[in-house]
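I opened a fresh notebook page for this one. Here is what I looked up, entry by entry.

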Amino acid sequence: LVIGALVLLIWILVAYLSRYSSVASITSLSIAPFIAIVGMRSIDIFIPLITITFIILYQHRNNINRLIDGEEPKLFSEHMNSEVVVEEETAV
């Protein structure tokens, strides 16, 4: 529970600073195995966690490519807010 809370805290901090959910996810996911090692005080947890981390990063390679290309939308950007407004107006 404590490890999960630390990973969530890292996600919130990085999301706040970068305004990218993808960057926050990648960062917190990449740090999670090391936090687990420190928190559990066991190296046995590292290999499964790092394997899961690489699998998840591979599954999100499109997000990573959009970040590199500068096409990933930011959190709470005007573009995102305008889409929500348009969707709400068409739904009425």
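Before anything else, I noted what a helix is here: a DSSP run of H or I, at least four residues long, numbered from the N terminus. With that in hand, I could place Thr 53 in helix α3. I also reminded myself that I am looking at a predicted model.

**Entry: the whole chain**

I looked up the secondary structure and found 5 helices and 0 strands in the protein chain. Reading along the sequence, I wrote the pattern down as α-α-α-α-α. The chain has 92 residues, and buried residues make up 18% of them. Its exposed area is about 6,900 Å², with carbon and sulfur atoms supplying 68% of that. I then checked the contacts between residues at least 6 apart in sequence: 52% of them join residues at least 24 apart.

**Entry: Thr 53**

Back to helix α3, where I had placed Thr 53. Is Thr 53 buried or exposed? Its relative accessibility is 5%, and buried means under 20%, so Thr 53 counts as buried. Leaving out residues up to four places away in sequence, I found that Thr 53 touches Leu 29, Ser 30 and Pro 33.

**Entry: aromatic rings**

I remembered that a pair of aromatic rings is described by the distance of the centres and the angle of the planes. How many aromatic pairs are there? The count comes to 1. Phe 34 and Phe 46 form that pair, which is tilted, with 5.4 Å from centre to centre and 50° between the planes. Phe 34 belongs to helix α2 and Phe 46 to helix α3 (residues 46-59), so the pair ties together parts that are 12 residues apart in sequence. I looked up the cover on Phe 34 too: at 44% relative accessibility, Phe 34 is partly exposed.

**Entry: charged side chains**

Which residue forms a salt bridge with Arg 66? I found Glu 72 there, with the closest N and O atoms 2.8 Å apart. The structure holds 1 salt bridge. I compared each partner with the cut-offs. Glu 72 has a relative accessible area of 10%, which is under 20%, so Glu 72 is buried. Arg 66 comes out at 32%, in between the 20% and 50% limits, and therefore counts as partly exposed. I also found Arg 61, whose charged end sits over the ring of Tyr 58, 4.1 Å from the ring centre.

**Entry: helix α1 and its exposed residues**

I turned to helix α1 (residues 2-18), which includes Val 2. Val 2 is exposed, with a relative accessible area of 62%. Together, Val 2, Leu 6 and Leu 9 make a nonpolar surface patch of about 300 Å². I found Tyr 16 in helix α1 as well. Tyr 16 is exposed at 57% relative accessible area. How far apart are the C-alpha atoms of Tyr 16 and Leu 75? They are separated by 8.7 Å, while the two residues are 59 residues apart along the chain.

**Entry: Val 38**

My last stop was helix α2 (residues 21-40), the place of Val 38. Its relative accessible area is 60%, and exposed means over 50%, so Val 38 is exposed. I looked up Val 38 and Ile 3 together: they are 35 residues apart along the chain, with their C-alpha atoms separated by 9.3 Å.

Methods. Residues are numbered from 1 along each chain as its sequence is written. This is a predicted model: local features need pLDDT of at least 70, side-chain atom pairs count only at pLDDT 80 or more; totals for chains, interfaces and linings use all residues. Side-chain values use heavy atoms; hydrogens and water are left out. Patches are made of residues with over 30% relative accessible area and no salt bridge: like charges are joined within 9 Å, nonpolar side chains (Val, Leu, Ile, Met, Phe, Trp, Tyr) within 5 Å. Accessible areas come from the Shrake-Rupley method with a 1.4 Å probe; for residues, only the protein chains shown count as cover. A salt bridge is a side-chain nitrogen of Lys or Arg within 4 Å of a carboxyl oxygen of Asp or Glu. Helices (H or I, at least four residues) and strands (E, at least two) are DSSP runs, numbered from the N terminus. Buried means under 20% relative accessible area, exposed over 50%, partly exposed in between (1.4 Å probe, protein chains only). Contact means heavy atoms within 4.5 Å. Rings of Phe, Tyr and Trp (its six-membered ring) pair if their centres lie within 6.5 Å; planes under 30 degrees apart count as stacked, over 60 as edge-to-face and the rest as tilted. A charge sits over a ring if NZ of Lys or CZ of Arg is within 6 Å of the ring centre and within 35 degrees of the ring normal.
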